[in-house]
Amino acid sequence: MKKFCKLAALALLVLTGTMFAACGEEDGSDAYGELSIGDVKVYINEDKNYTFAEIEPVFTKPEKAETLTFTYDTTKLNIENNVVTPKGRTNETYPVTAKSEHFKANFNVEVEYLRWTGADAKYGERYDVSDYPVDHRAQTCQAVNDNTTLFLGDSFMDDNFIGEYMTEFKEGKEVLNAGMSSTTSYHWERAYETIIGDTAPKNIVFHIGTNNFYDLHDDVEETEASLCRLMMYLHTSYPTAKIYWFNITQRKDTGYAGRVTETNAYMTEWCEKYDWITCVDTCSKVGTAMLRDDGVHPKKDTYQVFIDSLAEAGCVIETK
């Protein structure tokens, strides 16, 4: 597995860690250089699903780099292979000291508890899934097994739109779809585990993000953060599943086209850092003429572009 998250919005790798300079033994020169480690941030939600962040030591003389030992509150955090995860649902910042024979640096790990309910809920309405068929989609996913390719997300993956195509495509294949119209990445942050259940599918395929802009009028930074949180939650909950994210399809209405383009570019770069997730570029292949009269959803034949792109990205769909 490749290294974990380097996401600026989530990992917050701001180089504010205290630096320790190791001087040369003979002439007082800076023989070892300096070490700095940036503060990082991780999230945990009401279901105890959590994100992770990579600790990135920066040695001014890389050839002098040494293995670091971390001292921290082990009841609140876990650090393994330079990856930090939270243990408790808190809103706290915890100090960490990294030390080796010649180096020492102090940095902080901020844990943010994302609450959906109660007076302290942050954007509680964004996580409200009471009007969505979560239980019905969970029933669909009771058939998930370790060979299943599961299509999730917004209306693009809802039977009301993909259903006609999927009826033919999934014949004889280990394929299920359980999308929910009008959902955002926030809804899926809350509902994904309830819907998928306990069994990790072979592949998790998502189309999500468009409603963050066109329904919520969200800004780019918060959408990117939510998308990355969702993908990290999925990975920590179902580490054996390969995740594929269709980048956000442009609409005929270009009101948020710039935000879509910016988010797609960011997520493409983010996904490239990991071997458990792949960004599948369908946005560049789906023009407005390939959309239904509503200017939003793909025509039946257009879904073949999504499936072909998925295959090109290396997704293997098993037969029954």
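What follows is a walk through the salt bridges and nonpolar cores of this structure. Keep in mind that you're looking at a predicted model.

Let's begin with charge. Side chains of opposite charge can pair when their charged atoms come close. In this model, 11 salt bridges turn up.

A good place to start is Lys 300, whose side chain meets that of Glu 164 in a salt bridge, at 3.8 Å from N to O. Lys 300 sits in the loop between strand E15 (277-280) and helix H8 (303-312), while Glu 164 belongs to helix H3 (residues 159-169), so this pair links distant parts of the chain, 136 residues apart. Lys 300 also forms a salt bridge with Glu 168, where the closest N and O atoms are 2.9 Å apart. Glu 168 is in helix H3 and Lys 300 in the loop between E15 and H8, so this pair ties together parts 132 residues apart in sequence.

How buried or exposed are these residues? Lys 300 has a relative accessibility of 24%, so it counts as partly exposed. Glu 164 is exposed, at 52%, and Glu 168 is exposed as well, at 54%.

Now try Glu 189 and Arg 229, another salt bridge, with the closest N and O atoms 2.9 Å apart. Here the pair links helix H4 (residues 185-196), which holds Glu 189, to helix H6 (residues 220-237), which holds Arg 229, and the two residues are 40 apart in the chain. Buried is the word for both partners: Glu 189 has a relative accessibility of 1%, and Arg 229 comes in at 6%. Elsewhere, salt bridges with shared partners join Lys 41, Glu 110 and Glu 112 into one network.

On to the nonpolar side. In soluble globular proteins, nonpolar side chains tend to be buried together. The largest nonpolar core in this model has 49 residues, and the members that touch the most others are Phe 206, Met 231 and Trp 270. Several elements each supply at least two residues, including strand E11 (149-153), strand E13 (203-207), helix H7 (257-271) and E15. H6 gives the largest share of this core, 8 residues.

Which residues does Phe 206 touch? Leaving out residues up to four places away in sequence, its contacts are Leu 152, Gly 153, Trp 188, Leu 230, Met 231, Leu 234, Tyr 244, Trp 245 and Phe 246. Apart from this core lies another one, of 24 residues, with Val 40, Phe 70, Val 96 and Phe 103 among them.

Technical notes: Residues are numbered from 1 along each chain as its sequence is written. This is a predicted model: local features need pLDDT of at least 70, side-chain atom pairs count only at pLDDT 80 or more; totals for chains, interfaces and linings use all residues. Side-chain values use heavy atoms; hydrogens and water are left out. A salt bridge is a side-chain nitrogen of Lys or Arg within 4 Å of a carboxyl oxygen of Asp or Glu. Helices (H or I, at least four residues) and strands (E, at least two) are DSSP runs, numbered from the N terminus. Buried means under 20% relative accessible area, exposed over 50%, partly exposed in between (1.4 Å probe, protein chains only). A nonpolar core is a set of buried Ala, Val, Leu, Ile, Met, Phe, Trp, Tyr and Cys residues joined through side-chain atoms within 4.5 Å. Contact means heavy atoms within 4.5 Å.
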